[in-house]
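Trainee: I'd like to learn how to read salt bridges in a protein. Can we go through one together?

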Amino acid sequence: MVVGYDHVIDEPRVQLQRIARFCGLDTPEPMAVDSYIETFLDQGLRHSQVTSHKLQHDPRVDPLARQMFELMDRLARDEQNIDSEQTLVLLDDLSAQLEQRAPLDHVLAAQDRQLLALKHTLEQQTHQHHEHTNRLERQYISLQQQVNDERMRREHLEHNTGELHAQLHNLRTALTMTQASVGEMQRSTSWRVTRPLRAFSHHVQQLTQRTRKLAKRLGRDLYYRLPVNQRQRLMLLAFKHLGFAFRGLSHYESWQRQQALEKDYGLSAQSSFHYRTNADSGKPRGTQHQGRYAITTTGTAPYCYLPPSRSRAP
């Protein structure tokens, strides 16, 4: 028995009665048939509908498929008996044609598989091409942004360069004016008149510097020749009464800062550094190093004092 889906959708009662007769069943009750039609069958379930008229006028349809469709349609309409001689002969003929075309169908099926594989490969390549294109577009946008940034930086540098050129021009103008003023001053009568005074002042400065260096060297030598226990007291007296001779020395500057602290805040250090020799330690000579620094308690403000000579004896 052959049942067509389109026939069931179009004539459900007729097809149900036909199926019941073929299967030897009782005729379905009308209420059951109505319930089946309303709850189960749906016109929206049929996505396409093909008729013999459409197949006859469609050149893409294979003649063998058209003959098979027409035979199945006549059997579904009971226009031809499935057990008749004519049906059996037509089925045998169609089967023989299918067997003859089997090798060609295999070739076509293989080609279809190749076409599907080629389609899949092309789709993958297309997807990769799109990804590569998108990546290149992103790189292009990034490079374009870098170009814009470099252009803005170049414009900023050009602007700064223009400002620097303007400043350089102004400085050159000021230098020219200054040089002209200096030249005018040097050509003036007062500059020529005071030339001996400037020369004398220069010689005095040089003499003062040499004198200070000589005094510093002599003072250091004299300091090292003093007894160790008298050095600190004599140095304080020298700082106090002859301070002008020690100006610029770090020891004298430190002593001045300490004096200022004592004067402003009433502070006085309770400890100071002094140099201890072997004679002060009470140990036999040769059992310790030649010179050591020690911290002792004292009421005198500490100051940075010159270390003893390495080789001279007091």
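**Reading the salt bridges**

Mentor: Sure. This is a predicted model, and the count comes to 5 salt bridges. To spot one, look for a side-chain nitrogen of Lys or Arg within 4 Å of a carboxyl oxygen of Asp or Glu.

Trainee: Okay, how far apart are the closest N and O atoms of Arg13 and Asp34?

Mentor: They are 2.4 Å apart, so Arg13 and Asp34 pass the 4 Å cut-off and form a salt bridge.

Trainee: And which parts does that pair tie together?

Mentor: Arg13 sits in helix H2 (residues 12–23), while Asp34 sits in helix H3 (residues 30–39), so the pair links parts that are 21 residues apart in sequence.

Trainee: Are Arg13 and Asp34 buried or exposed?

Mentor: In between! Arg13 has 45% relative accessibility and counts as partly exposed. Asp34, at 27%, is partly exposed too.

Trainee: What about a salt bridge inside one helix, like Glu150 with Arg153?

Mentor: There the closest N and O atoms are 3.3 Å apart. Glu150 and Arg153 are 3 residues apart in helix H7 (residues 102–186), which means about one helical turn separates them. Glu150 is partly exposed at 42% relative accessibility, and Arg153 is partly exposed at 49%.

Trainee: Then how many residues apart are Arg154 and Glu158?

Mentor: They're 4 residues apart, about one turn, and both lie in helix H7. Their side chains meet in a salt bridge at 3.9 Å, N to O. Exposed means over 50%, so Glu158, with 52% relative accessibility, counts as exposed.

Key. Residues are numbered from 1 along each chain as its sequence is written. This is a predicted model: local features need pLDDT of at least 70, side-chain atom pairs count only at pLDDT 80 or more; totals for chains, interfaces and linings use all residues. Side-chain values use heavy atoms; hydrogens and water are left out. Helices (H or I, at least four residues) and strands (E, at least two) are DSSP runs, numbered from the N terminus. Buried means under 20% relative accessible area, exposed over 50%, partly exposed in between (1.4 Å probe, protein chains only).
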